[in-house]
Structure formats: C-alpha cells, structure tokens
Amino acid sequence: MDKIELLQGTLDMLILRTLQWGPQHGHGIGVAIRASSDDALQVEHGSLYPALHRMKKQGLIDAEWKLSENKQRARYYQLTAKGKKALAAEETRWNRMVEAIARVMKPA
Amino acid sequence: MPFWDRRKENRELDEELRFHLEQEAQLRRDRGESADAARLNARRDFGNLTRAAEVTRQMWGWSAWERGVQDLRFALRMMRKNLAFTGLALVALTLGIGATTAIFSVVNSVLLRPLPFPEPDRLMTIWENPPKSTHNNLVQSGNLLAWRERNRSFVDIAAMFPMGINVEGQGDAVQVAGLRVTGSFFPLLGVRPLIGRTIRAEDAAPGAPPVVVLSYGFWQRRFGGHADVLGQKIPVATESTEVIGVMPPDFAFPTLPRTALFVPLKIDPVQALRDGRNYSTVARLRPGVALGAARAEMHAMALQLGIERPNMDAKWDATVIPLLEKTVGETRTTLLVLLGAVFFVLLIACANVANLLLMRNSARRREMTVRMALGAGRWRLLHQLAIESLLLSVTGGALGFLLALWGVPALVSMLPAEFPLPRMSEIRIDPGVLAFTFLISLACGLFFGIFPAMQVNRGQVSDGLRQGGRGGSIANRAVRHTLVIAEIALALLLVVGAGLMLRSFLLLHSVDPGFRTDHLLTFRMVLTTPLTTLEQVTALRAQRVRQMLEKVRALPDVSAASTIHIPPMTGGNSGTDYHRLDRPAPQAGQGTGGAVSVISDDYFRTMGIPVLAGREFDAHDRAGAPKVMILNQAAADYFYPGENPLGKRMKVSWGPPPDEMEIVGVAGNIRHDSLDTKPDPCIFLAHAQQPSGFQTLLVRTRGNPQNVIAEVRDQIRAVSPSQGIQEIATMENLIGDSIARPKLEVAILGLFGFIALLLACVGIYAVISYSVEQRTREMGIRLALGASPGSVLQMVLREGVLLAAAGIVVGVGASLLLTKYLATLLYSIRPTDPLVYASVSAVLAIAAIAGCLFPARRATRVDPAMVLREE
C-alpha cells in the first residue's frame, strides 16, 4: 500500500485521538498513529514534537517525566479536559468534512 | 516560560528526542535490522533533527520579559553605535527635563505647597483700602480692635508690627528683625514652641512684665542652643526681658521669614483710636465661612466705622486676602512666566528628540523592512522601537533629575539674601516633582517610540526594500518640517521673552535715581533709648544722631554724612497728610499729602541731590527753632504750580499734634522706593525737630567704602555702647537687591532662550543634514550635469531659509499673543517692542542659516562619480 501524506491540520487531531487510550511518549504516539492506520499514514516523526509542544502550550495536553517500560526516563503526554473537548469538536468537524467531500466526489 | 528555565528546557528537549531515536532504533533492531542500520534509519525516519528541535523551541514562544531584555540589549547596542544621535537626544532631554524639574520644584515649593500650619487655607490677612484706591494698606489700631470685637467671620484676628529690635550685650549689641505680635498670634496659627511657651494675651496686658520668644536660628546663634536660656533675662530694646520660649526650626511666619524675636504687641484701647495705620494682620476664618462672606462682612464693618469715626475712617474700605496669596505676592507672575518658559523649553526638547528619532528611524527603514520581510511581527518591531525610545527618555529623565538636583540649590544660592522670593527655605525637590519628571520622560518616550514606529509600519515591505532604505514618505517629511518650524517658533517666543526682559532690565538699570549711588554707605538701625517720657526720648534721639554725625564727619575718609529715617531703594517710604496753610483744610478722607522723609542737615549734599531753590537744613534748625520743611520738585509742582514755595507755610500731620512749617528749600526729585517708581510729591522734615527712632546713617566716603565700615561702627559704639546695627550696606548693594527680581528673571529667561536657540539650531541642522543625505544622488546628478556648487548650495540653503522663515512668522505671531503676560514684569517698554522683535528674528534667522550651512557645504562636495557608481 502506498504511503500518503498527512492532510494539513489533521496531525493535532490524530495526536489527541491517540492519547485517548492513555498517556504516551512521543515515539509511542508516532508508532500508534502509524500502526492504527495500517502503516498508511506516514507521519514524519520530526514533525510530532513541534506539534506536541505547541499543544502543551495551548493547554490541550499535559506532559510529565516518567519511567518507560524499559526503565528509561521519557516524557509522557496525556489529554487535559480542554484537550478532550477539542478532540470532540475536531471529530465532529472532520466527520462533516468527510461527508461533504464524499458527496462532492461521488454524487448520488 | 521564564528565560532562566530555558536551559533546563533545552536539556529536556534533547533528552526527549534522544529517547525517541533510541526507542525507534530499538524497534528496528527488534525487527531484525543491524544496530548501525537501525540507528541510521531511525535518524532518516525522523527527518531533519536540528530543524525539528529548532521549530519545537519556537513553539515555547518568548515571554514579554524576555523579549524586553532582548530589545533592551539591542537598543543599548544601537545607542552605542549612534553616539552622535544619542548624545544630541540625551542633551536635549536632559536640558528639557532638568530645567523643568528645577523650575517646577521652585514653583511647587513657593506657589502650590500649602503653608506649614494646620488648616492653612483658612489663614487670611486683612487690609484697609484708602479712599478710591485698591492699595492694600496697613491697619489702624482702633479699627483692628473694633473688628476683633464685632466680626463673625473669624476665629480670631492677630496684629503684627515688624521692627528692628536691639539686643544688648557685652560690647556685642546686635539689631535683629523682630516682630511685635498680639497674644492671639501663636494660638491662631496653631503652632507650638520647641521649648517653653509662646506669647499669651496676658503678656500684652498693660503692666505685664516684658517677655520674648526666640526663633530657633537666633537661639542657636546667640545662645548656642542651650535650654537654660528659658527664664533668663536679656536686654531687649533697653528692657530686661525674660525669655519664655523658643520656636521650632521649621517655624517662620511666611511673609517675614527672617524674624529672630517675637515680643508682645501692646495696644492701648484709648491710644488706639488716635493711632496711625501701622499693623499687618493675620486671621483665621471660622469653619464654614467662605472668603466671599468674610470680605462682605469686612466691607460692611468698614462702612459702619466710616460713619462712626469719619475723621479716621471716612471712605476707607477693608478687604481679606488669603495668607498664601499674600505670601506669594508678586513672585507669582515671575514664577508662572518662568514655568511657562521652561515648559516651552521642554516642548522644544521633545520636538528635537522626536525629529531625531523620526530621522534615525527613517534611515533604519531598510533594517526594519528586512526584519519584517524575514517574518518579524509588526508588534515586535513596534515593541523594539518603543523600548529604544523608552531607554533614551528614561536615561534622559535620570540625567535631567540629576541636573535638577544640582540646579535647584544652585538656583537658590544664586539669589541674593534680600531676594524677595518667599518661602525660600522651603524649596526642595520633593517626591511629587520626581514623579512628575519621570512621568514626563516616560510620556516623551512613548510618544517618540510609537509615532516613528507607526511610520515604519505603514510603509510597505516591498517599497522599503526597493527604495534601498533611502525612502522617507512625503507625510514623514511634512511631520519633520512641522516639528522644526514649531521648534524655531517656540525658540523665537522664548528669545523674544528673554529679549524683552533684558531690554527692560537694561532700561531699569540705567535709570538715573536722582542721586549719586557710588561711595555711599548705609547703616540701618533703630535708636535705642531707655523708655522714659516722650519728651526725653525725642531729645535723646536728636542728641544721639547729632553726636554720631559729629564723630563720623570727623573721620578722614568721610567726605559727608547725614541721616534719613527710611533710606532710598528699600521698597517703601512713610507718608502722611499735608496741605497748604493758606488754603482750606481738605475734608476728612480727602486728605492731600504724600511721602515724608525725616533727614538730618547736609542730607542733600551727602546724597548728591541738587538743591534747586532755598537751602538745606543746617545746625540752626533744631528743637525750639521755627519748624522748617523742604519740598521735592514734584511736591513744589503739585502744591505751588507757578508759584515760589519758599517762605510759604504748610500744615503737616506728622507727630501729634499737626504742625505748621515753613518751606525753606526745594530739592531735586529722586526715585525713593525703587528704580521703577516715578518720583511722587515728598516733603523733608528736620530730624532735629521731628526725631524718629528709625535711622539710617548715610556716609559718603572718599575711598573704598568697605574700608570705612569698621571706623564708622566704632564711632556709633562710642556714642552709645548698647546700640546695635541692623544692616550695613553700600547704596549700590541696596540698588542691586532692589532689582534682584528682574535680574533673576533676565538670567533665567536668558538661559532658557539660549538653550532654546541651541536646540532649534540642532533641530534645523538635523533636518537639513538628513534632507541632504536623502538627496545625495540628486545632487550628484545635478553636479554631473554641470550644476555649479554654488547653485547646489543655494538650493539647500533655500530649504533651510524657508523653514526658518515659516518658524519666525509663526513665532512672531505666537509672541504677539503671549508676551502680553509679561507686561506687568516689564519696565517702560511694551511687550510688542519692535526693536526686540526685529533683533530676535534676525538672531534666529542667522542661527538657522548657520545650522544649514554645514550640511549645505557637504552637499556641494558630493562626488558625482561615486554617487552614480553606488546605485
């Protein structure tokens, strides 16, 4: 399957969605996005961190240093209440957009 | 995020990214990749590591504080790079703010700060107004007593009588400024003594033992500040007087700040009805009584007293003036004019700095547009410009404050001791003024910062880049030109003000007072005579003066000597009613009369005043001989127009009862009160016939007057060992002190005018330089096409001359409008004096052209080849 580039502005939503399962570090988030899209979405890992730090500044996520499974220090991100709300709003918006685009591309 | 957390944050980001890469490599090794391949692939997969870290860091954003520090460091670097600009701007700001603070400190201390008494705004002074006059006259004793009894407006009224008081000692008798006060004086002011008690009503009762309250200064000088002075008896005005109290150091009656002694003022109710008008007053309004109501009541009482005692009070009125207003007095106009002037200096300084900033920022347009093109936000640029100008103005403010800190004491110490500036001891820079200064400098900074920044922002980025930094919009240029025109106009206004004051002062200074002022010494004193009967006292006064004159005239360095009871050039004179004996006596309240001087023989020769007709007083005019008088020219013209007054007789109300006197001489007019008072009718009485306790010994010396002082003082002591001397001064000093105020006005306004002129020069210089710089290319082309350097010079000068002309026209207009407020300060010239206007305009035009000349000459030296190659 060909890799596709991420639509602009959707990375935040994917990150929020991923964090819904619980706190995760940057690498974990990248791996999770790749895995849950069956490797179709190729997220350049380098672009994760600016997004994470920006979202943290916006208050959508929190960060905390914890020990990973293999006993290494890692920064774990988790959703805040504000982040949960933003995720809900993003999902609604996304769904409406997909529907609308689908209607245009496949007229009944 | 605070900047000190930034390093930790950086470390944490590194750790986070390293963890990511290790994690990815681990994942890949688990899938079976070799260790090296795993690491490389992890890196490739990640993308540009440095760029990612950089972008991430940007996400943290910058705190306002951190941006501030960054901008501040940049601003400091810019200041250091642009030393000429920084220097000029700082000089302008320092002068503007420093001068403003200094003058404002003085104005604040003198005019605005309340008097140092409880509820000071209720302290009033009461005055009588002579018939058909608004002159504030001293108060008649009987009226004072009637007012105290009848009024409903005041808590109390106190009377004061300032006089020199002799304090004897062992060969060190002194005379100091004393104040006789009624018992109500201290309670009414609400002041408490430092030690002991103050004067009470009982102290002023008939037969009460004599007491005295010392000022802090006199206590320190004379008694070394020893507390055991209380209860001591000291010889005050020939009486053994008990010291009952000492006032605190900060106490001074505002209109008589140098008073050293306070003694009870005894008013005998019977004698009071016949007394003259002698007393100043201070009164405290009852709570809730308005000034207007008190004035109305005083007016009504004066009317009633005029009916009750027509001989004394017919047609006299009375009025109330707040003590602060009276204290500030004529100084008010001077200080307000200075305040206005210093405000204009500040405006010029501001315009100058604004112009400099405007030009520099225009020159930095390229830098700004490049930064903008690289993505700097408009706010960020605005912020940086604001910081730069704030730094400039705060530095200027601090320097200005230092200048004021140094300038205020310098200003005060410049004043002569007798300078009539009230509340001088209260002058200091207070926190309010400090705040005022910094507020001004901050406001300036914000204005300068925001305004030029707006200019930059409005410009289009692409335009800025295309123009290669040589831009400068038309609007920008209009603003600069307006500013420089305003500067020239304001400078002209100030210099016109200074010019008017200078011309007025020179005129005043060159006034002929009517007598010879050089080599003339004055010894002012109150004759000390043991209190016995009036006849004995007058006889003793006459004898003392005769003996002093005999001894002093015998000195080899003395060419002439005489006395007068109130010397010329000390701001006042005595006056009384007198009229021709061969005419009916004028009605009560319609008295004719004028000034009176009581003099000794040889007075006119000593003073160098011509005797126009008849003779001077001589040794034959003594007590018992026929009473004689001399008129000045003005009195002769007034009373005997077209007649010969010699041998005629007048009735003079001087010592009670009124005397008939024969006119034996007419003398030339002199200016008595001060240089700017026109000679009024004045009569001269012979001291030997009308002895006065107030004496000023006048001594004309052959050599340097300073060398004669000690000898004369010894002769006075030889006649009366207990006689102190209040003041010794040369006549030239007295005249100098009498014109100290206009002199100070000229000095300060002159200084301000000079500063304004300099700043205006710098302003026009900067504008023209900038314009020449902008047009370098045009000049190069012109020169290349064969224009002569002369024509280029002319072209640049034309721009400057047009600016200067516009400034001068506006300035002359403004001066014509504003200098009318100077009218009361000017002597014998009008505020529209054409000579001053013409010469000041010429000076300004020359200064403006001088300002253009350097940049214009630079324009002619442009090398066309260089300029054209540059493009």
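Let's start with the largest nonpolar core. It has 153 residues. This is a predicted model, so please hear everything today as computed from that prediction. Seven residues have the most contacts inside this core: B:Val345, B:Ile488, B:Ala491, B:Leu494, B:Phe752, B:Ala756 and B:Ile764.

Which element gives the most to this core? Helix 24 of chain B does, with 19 residues. And where does the core lie? Domain 2, residues 131–315, gives residues to it. Domain 3, which is 332–510 plus 740–870, does too. Both domains of chain B contribute, so the core lies between them.

Take B:Phe752 as an example. Set aside its neighbours within four places in sequence. B:Phe752 is then in contact with B:Ala99, B:Ala341, B:Val342, B:Val345, B:Leu494 and B:Ala498. Two of those names, B:Val345 and B:Leu494, you have just heard in the core list.

There is a second, separate core. This one has 61 residues, including B:Val552, B:Ala595, B:Ala686 and B:Met731.

Keep B:Met731 in mind. It belongs to helix 23 of chain B, residues 731–738. The buried residues of helix 23 are B:Met731, B:Leu734, B:Ile735, B:Asp737 and B:Ser738. Look down the axis of helix 23 of chain B: these buried residues fall within an arc of 160°, so they line one face of the helix. What do they pack against? Three elements of chain B: strand 12 at 520–526, strand 22 at 727–730, and helix 24 at 740–774.

Back to helix 24 of chain B, then. B:Tyr770 lies in that helix. Is B:Tyr770 buried or exposed? Buried, because 21 other C-beta atoms lie within 10 Å, and the cut-off for buried is 20 or more. B:Tyr770 also has a partner far off in sequence. B:Pro855 is 85 residues away along the chain, yet the two are 8.4 Å apart in space, C-alpha to C-alpha.

Now chain B as a whole. Its secondary structure comes to 28 helices and 22 strands. Chain B has 871 residues, and 42% of them count as buried. Take the contacts in chain B between residues at least 6 apart in sequence: 82% of these join residues at least 24 apart.

Next, the meeting of the two chains. On chain B, 18 residues are in contact with 15 residues of chain A. Three helices of chain B each supply at least two residues to that side: helix 1 at 6–30, helix 2 at 35–46 and helix 3 at 49–60. The largest share, seven residues, comes from helix 1 of chain B. By class, the side of chain B that touches chain A has eight nonpolar, six polar and four charged residues.

Last stop, chain A. Here we find an open sheet of three strands in the order 1-3-2, with antiparallel pairing. A quick reminder: strands of a sheet pair through backbone hydrogen bonds, either parallel or antiparallel. The edge strands of this sheet are strand 1, residues 24–25, and strand 2, residues 61–67; each pairs on one side only.

Strand 2 of chain A is joined to strand 3, residues 73–79, by seven bridges. Across that pairing, A:Trp65 stands opposite A:Arg75. These two strands form a hairpin with five residues between them. In the turn, A:Lys71 has a positive phi of about 60°.

On the other side, strand 1 of chain A pairs with strand 3 of chain A over two bridges, again antiparallel. There, A:Gln24 stands opposite A:Tyr77.

Technical notes. Residues numbered from 1 in each chain as written. Chains lettered and ligands numbered in written order. Predicted model: local features only at pLDDT ≥ 70, side-chain atom pairs only at ≥ 80, totals over all residues. Buried ≥ 20, exposed ≤ 12 C-beta atoms within 10 Å, placed from the backbone. Helix = DSSP H or I, 4+ residues; strand = E, 2+ residues; numbered from the N terminus. Arc of directions from axis to C-beta. Contact = placed C-beta atoms within 7 Å. Pairing = 2+ DSSP bridges. Core = buried A, V, L, I, M, F, W, Y, C linked by C-beta atoms within 7 Å. Domains from an automatic or database assignment. Nonpolar A, V, L, I, M, F, W, Y, C, P; charged D, E, K, R; others polar.
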